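Let's take a walk through this protein together, one part at a time. Keep the 3D view open as you read, and pick out each residue as it comes up.

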Amino acid sequence: MATKGIDVSHWQGNIDWRKVAADGVKFAFLKATESTNYIDDTFYKNADGARAAGIKVGAYHFARIGSKEEAIAEAKHFLNAVKKTKLSYPLVLDLEVNQKKVSKEALTDAAVVFLEALENAGYFAMLYTGKSFLESALEESKLKSYLKWIARYNHELGRAADIWQYSSEGKVNGIRGNVDMNLCYRDGLRAAASVGIKQDSVKPVQPEKKPNIYTVVKGDTLSGLAKRFRTTVQDIQRLNNIKNKDLIYPGQKLKVSGSVSKPSVKKEYYSIKAGDNLTKIANKFGTSVKQLQAWNGIKNANLIYPGQKLRVK
């Protein structure tokens, strides 16, 4: 079962961490540092607030490294900052830019040196990066021994990862505006250096797909939706906290896991009679005026006539 988390920096402003915790957030990665002299001015306040609310706290460093020497210098700055607070989740190298425009080999070697510096200091080290950046700008084979936090804003990640950052536009109580959303698939993460939890010794979990959001229409049933989305009635009930499987209603928004299976729909037509209008026809056939207009190329919903044949299914 994936664990819900966020990552924040000064861009999120003042955070009410108790409200964040009440909204189901279990962990938070906080921006600590960047380059060799910058410390995020909300880092220590956020660490204290999240910890007091019972949220596991990790920290990340946004890197602009291009050589081993730069990696050592930036890692030293990161470590000096984080030792002044108490953490319960890993330290993270945030590597998502090749600002120095070095080779894949040089950038990867610098990343490894940075991560080794974190481990040598007694911390659990992870790599954060984007899916495409990892696969195109880094030599992934050299990074196998490190757990990975991967960003991809899509319906599914499309690869194995330990943490998936799936959105930058999340909404969480206690935070104004958007926030990055994450799902953690790895149990046992902590701040202390890893022992026996290397990625090459434990196969990472393949992330589950983010649920679809489906709006119930007239005639829908949970069994029908389960068949359409290739899932089970019980799974839909679990995702939406539905106790009575027979009680759903048009307009209700449901989380539905699985891949949508588009049913083969047999088209149905209706010949307009005197007194008909699109609203009346839509209600009769369990659809909408907009859908009728789309199916039949009707621009003006008020311009229909008796004898006209309309597609209604």
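**Salt bridges, strands and cores**

E135 forms a salt bridge with K131, and their closest N and O atoms are 3.2 Å apart. A salt bridge here means a side-chain nitrogen of Lys or Arg within 4 Å of a carboxyl oxygen of Asp or Glu. You are looking at a predicted model, in which local features need pLDDT of at least 70 and side-chain atom pairs count only at pLDDT 80 or more, while totals for chains, interfaces and linings use all residues. Residues are numbered from 1 along each chain as its sequence is written, and side-chain values use heavy atoms, with hydrogens and water left out.

Why can E135 and K131 face each other? They sit 4 residues apart in helix α5 (residues 131-137), which separates them by about one helical turn. Helices (H or I, at least four residues) and strands (E, at least two) are DSSP runs, numbered from the N terminus. An α-helix has 3.6 residues a turn, so residues three or four places apart point the same way. The two partners differ in their surroundings: E135 is partly exposed at 40% relative accessibility, whereas K131 is buried, with a relative accessible area of 16%. Buried means under 20% relative accessible area, exposed means over 50%, and partly exposed lies in between (1.4 Å probe, protein chains only).

Helix α2 (residues 43-52) offers another pair, D48 and R51, which are 3 residues apart and so separated by about one helical turn. Their side chains meet in a salt bridge of 2.6 Å, N to O. D48 is partly exposed at 41% relative accessibility, and R51 is partly exposed too, with a relative accessible area of 32%. Follow the chain past α2 and you come to G54, in the loop between α2 and β4 (56-62). G54 is exposed, at 62% relative accessibility. From the C-alpha atom of G54 to that of A111, 57 residues apart along the chain, the separation is 31 Å.

Now for a salt bridge that is not within a helix: the side chains of R186 and D162 meet at 2.7 Å, N to O. This pair links distant parts of the chain, 24 residues apart, with R186 in the loop between β9 (179-184) and β10 (212-215) and D162 in the loop between β7 (147-151) and β8 (163-170). Are these two residues buried or exposed? Both R186 and D162 are buried. Elsewhere, salt bridges that share partners join K131, E135, E140 and R159 into one network. A search of the whole structure finds 12 salt bridges.

Next, turn to the strands. Two strands count as paired if DSSP finds at least two bridges between them. Strand β1 (residues 3-8) runs antiparallel to β9, joined by 5 bridges. In that pairing G5 stands opposite N182, and I6 has M181 as its bridge partner. β1 is also joined to strand β2 (residues 27-34), this time in parallel, by 4 bridges; here I6 stands opposite A28. β9 pairs with β8 as well, in the antiparallel sense over 5 bridges, and Q165 stands opposite N182 there. How enclosed is β9? 6 of the 6 residues of β9 are buried, so the strand is largely enclosed by the rest of the structure.

I6 turns up again in the largest nonpolar core, which has 56 residues; I6, W17, V20, V82, L91 and L95 have the most contacts inside it. Helix α4 (residues 104-120) gives the most to this core, with 8 residues. A nonpolar core is a set of buried Ala, Val, Leu, Ile, Met, Phe, Trp, Tyr and Cys residues joined through side-chain atoms within 4.5 Å. Not counting residues up to four places away in sequence, W17 touches I6, V8, A28, L30, N46, G49, A50, A53 and I55, where contact means heavy atoms within 4.5 Å. Another core, of 14 residues, lies apart from the largest one, and among its members are M126, L147, I163 and C184.

Last comes helix α7 (residues 233-240), whose buried residues are V233, D235, I236, Q237 and N240. What covers them includes α6 (222-228) and β11 (253-256). Just after α7, N241 takes a positive phi of about 55°.
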